[in-house]
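Q: Please take me closely through one part of this model, starting from a single pairing and working outwards to whatever packs around it. I would like the cut-offs behind each term as you go.

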Amino acid sequence: MVNAIVQYEPGGPEVLRWEDFPLPATVEPGAVLVRHTAIGVNFIDVYHRRGRYPVASYPAVIGAEGVGVVEAVGSGVTLVQVGDRVGYAMRSPGSYCEKRVVPAAMTVRLPADIPDDVAAVLMLKGMTAEMLLHRAYAVQAGDAVLIHAAAGGMGLLLCQWAKALGAHVIGTTSTPAKAELAKAHGCDEVGLYGQEDFVVRTRALTGGNGVRVVYDGVGRDTFQRSLDALGLLGTMVIYGAASGAVEPFDLTKIAASSLTLIRPTLFHYTQDRARLEQMAARTFDAYRTGKLRLEVRKKLPLKDAALAHRALEGRETVGALVLIP
């Protein structure tokens, strides 16, 4: 048995309980037992908790990424060995616990110069940023990009990395304090929700042309207007729905300017082992070279995961949030 955050039904943060949870009796072939040292908190965890992304069965443990030390390996494992520091991000939830058995093929060895709490952000958020900026749409120097929720954990990574790639970065956020934080992390211009029309501002900042790409993790509240902020042949990249699912829309909305709409999922990209290693290496290098300055603003004990979820859903978080077992 290990201590874990367990839920017995979908619901609000109150369904998350700190209690014992069984470990498999043996480590199956091709898998490793990881003792967690840091666990990232992401909005996909909220979706799993709410039941929007259903878990396989209850009782369930949520959590998409973790960092720790390999304590045991199953037969046939050659990628890592006992004592290695590893990180992972997986479609199958279960990281909100002290220890977990995971497929060795989904883990990557952590470089010595990447701290555990930083790695717990880089595994999912960092590699998602790599996917969004280099694969879903390859940002080029001179591109005008619009990034929603620019001061959030994901937004800060996107702003910094896009700026390092030479983009003109326009962000949106909810408060003046968050706007200043976004500017300190690569945003050239930041608009405030509810105080100005981001489409009008974006068009003005781009000489009426619109942006080349929009990165939208907000969803329902921003999606339709974001299409209006795009220029001819622009790309809409929607990677989350913090405000709710995007409502059905008329495809002529994107046909009018020959727009591209993509809804990428990190775990599809990382299924290929060689690509996973490439993505992790580029993400670690971005941190190492200063393209990414991480803001791990809050660390909470794992047992307080419900508090972390309340802060995340209430848009109270600035930067990344990490749980410590």
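A: Gly171 has Val190 as its bridge partner in β10, and this pair belongs to a parallel pairing of four bridges between β10 and strand β9, residues 168–173. The model is a predicted one, in which local features need pLDDT of at least 70 and side-chain atom pairs count only at pLDDT 80 or more, while totals for chains, interfaces and linings use all residues. Residues are numbered from 1 along each chain as its sequence is written, and side-chain values use heavy atoms, with hydrogens and water left out. Helices (H or I, at least four residues) and strands (E, at least two) are DSSP runs numbered from the N terminus, and two strands are called paired if DSSP finds at least two bridges between them.

The wider setting of β9 and β10 is an open sheet of six strands with parallel pairing, in the order β10-β9-β8-β11-β12-β13. β10 (189–192) and β13 (260–262) are the edge strands, and each has a single partner, so one side of each is left without a neighbour in the sheet. From one strand to the next the twist averages 15 degrees, where axes are lines fitted to C-alpha atoms (for helices, over the stretch in contact) and angles between N-to-C directions run from 0 to 180 degrees.

Further along the sheet, β11 and β12 run parallel and are joined by five bridges, with Val213 standing opposite Thr235 in β12. Strand β12 (residues 230–238) has seven of its nine residues buried, so the rest of the structure largely encloses it; buried here means under 20% relative accessible area, exposed means over 50%, and partly exposed lies in between, with a 1.4 Å probe and protein chains only.

Across β8 (144–147), β9 and β11 (211–216) lies helix α3, which runs at about 170 degrees to β8. Ala164 is found in α3 and is partly exposed, at a relative accessible area of 45%. Although Ala164 and Lys291 are 127 residues apart along the chain, their C-alpha atoms are separated by 6.0 Å.

α3 also helps to cover helix α9, whose buried residues pack against β7 (107–109), α2 (116–136), α3 (153–164) and α8 (266–269), contact being heavy atoms within 4.5 Å. Those buried residues are Leu276, Met279, Ala280, Thr283, Phe284 and Ala286. Viewed down the axis of α9, they fall within an arc of 155 degrees, so they line one face of the helix; the arc is taken from the directions that lead from the helix axis to the C-beta atoms.

The length of α9 can be checked too: at 1.5 Å a residue, its 16 residues (273–288) should span 22 Å, and the end C-alpha atoms are 22 Å apart, which agrees. The expected span is 1.5 Å times one less than the number of residues. At the N-terminal end, Asp272 caps α9, with a side-chain oxygen 3.3 Å from the backbone nitrogen of Ala274, and α9 is followed by Gly290, whose phi is positive, near 85 degrees.

Notes
Polar contact = N/O pair within 3.5 Å; in protein donor to acceptor, adjacent residues only side chain to side chain.
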